[in-house]
Amino acid sequence: MCGIVGIVSTTPVADRIVDALKRLEYRGYDSAGLATSVDGRIDRRRAPGKLTNLRERLAAEPLDGTIGIGHTRWATHGAPTEANAHPHTTNRVAIVHNGIIENFRELKTELDKDGYKPVSETDTEIVALMVTRELDRGMAPFDAAASVIKRLEGAFALAMMFKGEDNLIVGARQGAPLAVGHGENEMILGSDAIAIAPFTNKVTYLEEGDWVAITKDDARIFDREGQPVERAMAQTQLGVSMVDKGNHRHFMLKEIYEQPDAISHTASHYLDLANGKVKLPSKLPFDFKSLNRLTISACGTAYYAGLVAKYWFEKYARLPVEVDVASEFRYREPPMDAGGLALFISQSGETADTLAALRYCKENGQHIASIVNAQESTIARESDIVFPILCGPEISVASTKATTAQLSVLASLAIAAGRQRGHISEAQEFELVDMLAKLPGAITKALGSEEKIDQISHKLSKAKDVLYLGRGSLFPIAMEGALKLKEITYIHAEGYASGELKHGPIALIDETLPVVVVAPSDDLFDKTISNMHEVAARGGKIILITDEAGAKSVGDDVDEIIIVPDAHEFVMPIICAIPVQLLAYYTAVFMGTDVDQPRNLAKSVTVE
Ligand code: AGP
């Protein structure tokens, strides 16, 4: 999750870009850089570390120019060195980028054959070289950018400027945010409205797949097919508050859409993508190798994330895991062998029951690790080690991006544990890391079912009760789906393990009961199909969340199918979290409930 700023103006931009980057530093601060263009020549300054280093650099070697792009980086591909800092330039173009270009290795091989060699380890430079090759072939800047953007896979946002073009910046959004600010005789690009706020409160938020060409006078926006489109201009309220909903109707939807970006940020913190490895702090206060048991405590959605992690740690690291809701754990006085590892998961870091469970474990000689979003929170402060979630502020009471980011952290820890305990080889680690690296792209695709889910939600809104079913690591996602629906629609919903159906809940099934089945085509799929037959035979209405292969083999028993992208079972719980969030969201919107602040709930539960 890096920060991007670009300005085309009639007055000098360097200092203003650095000020805007300051407001984006929350997105990353491994290094920063800036490029401007004067008289058709692109110049740049970059510095490793925080923005203040770049400021010092600029004080010594200032940059003129009324057009420029800047970047504050959270390293993904390549170490946080000056050579890897953005902007990446060639003799024809300068580019800044946020996110991950998934197909950069194949593009690199292709460029290599044509003699275009990168000097950094980044995926961004590959984009700069691709554009340069198109320019060398005679394309105009605008067309060169368009033809390259089409070829990029993954979740990203980028901005580029061209040698000899002092009145053009091209930006693109695919899975990571980018907004256009409409100033007086100038146009601005920024990763969010917070960066743009000092210049103007008139903002247009690009939609998924959009790309834009800004000059000092206007912004032309195109959709993913290259068709010119109009996107509404919004007035931001950022003078009053630092967070806003952008062009989304609710914070919940905004946060659902932030997931590709949030997850690439988390991935870049926990994964060494260039080498296909998990990177954890070098000094952990515990040793995965010598652990006999991992104890996880959390509440609500965070507890379900812990349940998914149990499948991962037990399967990939052969580490036995106990997971409990913190409110139960704290009072049942579980015996604990000293020197064990207790892990606490909490978005807010202030949840009273989770904190009490933490203190119990501390008194009982456990190493305390926590996965939190609020890094200044009490849970963070009382932990021996904190694994930050890094998803940015989550405002909606119903947790979405914090959940998938928590899952990404847990998945990284499970790989590290498997590797250290000798149950995962180097090659397997590479494959699993690659799957996590590709998640932002897969989540962007999963978000593509939004329209279909909106339609299904109209039917769901009529239900009094809804049953969610899942097996294996998708069982907790079924429970998460039920919790989301309850929280924001007030419809009664329960999540069950599919195999438990016959042991009671099947008695509920009749033609009024929708059953949401979370079942991609994995090893257990046939068993779930049998469960679906049992539901259909009793008149139950099935909404199936599955992949293409699952959809093909399922037959006629299903009323609705929501397709998720094909992926390995390891990452499926994270991908399948998206449709269950959207299903709850659209049902709530259709019913007209207060989506972001549902009745009786609070974002941070600091009482037991
Ligand atoms: C989820 O949508 C919730 N609102 C709730 O279950 C939440 O996950 C739970 O209260 C735990 O909060 P925490 O992550 O801040 O500890």
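# Exercises on a predicted model

Two bridges join strand β13 (residues 219-222) to β14, and the two strands run antiparallel. The model is predicted. Work through the exercises with the structure open.

## Exercise 1: the antiparallel sheet

Task: Find the residue opposite I221, then place β13 and β14 in their sheet.

Solution.
1. Start at I221. Opposite I221 stands V229, in β14.
2. Widen the view. β13 and β14 belong to an open sheet of seven strands, ordered β5-β6-β7-β8-β12-β13-β14. The pairing is antiparallel.
3. Look at the ends of that order. β5 and β14 (228-229) are the edge strands. Each has a single partner strand, so one side of each has no neighbour in the sheet.
4. Add the helix. α4 (residues 124-136) packs on this sheet and touches β5, β6 (93-101) and β7 (154-162). The direction of α4 makes about 135 degrees with that of β6.

## Exercise 2: the parallel sheet

Task: Trace the open sheet of five strands and name the helices that lie on it.

Solution.
1. Read the order: β24-β23-β25-β26-β27. Here the pairing is parallel.
2. Mark the edges. They are β24 (492-497) and β27 (560-563), and each pairs on one side only.
3. Check the twist. On average, neighbouring strands of this sheet are turned by 20 degrees against each other, direction ignored.
4. Zoom in on one pair. β26 (residues 541-546) and β27 are joined in the parallel sense over four bridges. L544 stands opposite I561 in β27.
5. Place the helices. α16 (residues 450-460) lies across β23 (465-470), β25 (514-518), β26 and β27. Its run is at about 145 degrees to β27. α18 (residues 525-537) packs on the sheet too, touching β25 and β26. The direction of α18 makes about 160 degrees with that of β26.

## Exercise 3: the ligand

Task: Describe the shell around the ligand, then list polar atom pairs.

Solution.
1. Count the shell. The ligand is surrounded by 14 residues, and the closest are S346, Q347, S348, T351 and E487.
2. Sort the shell by class. Five residues are nonpolar, seven are polar and two are charged.
3. Find the helices that contribute. α9 (300-316) and α17 (475-489) each supply at least two residues of the shell.
4. Take the ligand's oxygen atoms. One lies 2.6 Å from a backbone N or O atom of Q347. An oxygen atom of the ligand is also 3.0 Å from an N or O atom in the side chain of K484.
5. Turn to nitrogen. A nitrogen atom of the ligand lies 2.6 Å from a polar side-chain atom of E487.
6. Finish with cover. On its own the ligand has 410 Å² of accessible area, and the protein covers 91% of it.

## Exercise 4: two backbone exceptions

Task: Which peptide bond is cis, and where does D39 lie?

Solution.
1. Recall the rule. Most residues other than glycine have a negative phi, and most peptide bonds are trans.
2. Go to H86. The peptide bond from H86 to P87 is cis, with omega near 0 degrees. P87 is in the loop between β4 (67-73) and β5 (88-89).
3. Go to D39. Its phi is positive, about 50 degrees, although D39 is not a glycine. D39 sits in the loop between β2 (31-38) and β3 (41-48).

Definitions and conventions: Residues numbered from 1 in each chain as written. Predicted model: local features only at pLDDT ≥ 70, side-chain atom pairs only at ≥ 80, totals over all residues. Heavy atoms only, no water. Near = heavy atom within 4 Å. Polar contact = N/O pair within 3.5 Å; in protein donor to acceptor, adjacent residues only side chain to side chain. Areas by Shrake-Rupley, 256 points an atom, 1.4 Å probe, with all protein chains shown as cover. Nonpolar A, V, L, I, M, F, W, Y, C, P; charged D, E, K, R; others polar. Pairing = 2+ DSSP bridges. Axes fitted to C-alpha atoms, helices over the stretch in contact; angles between N-to-C directions. Contact = heavy atoms within 4.5 Å.
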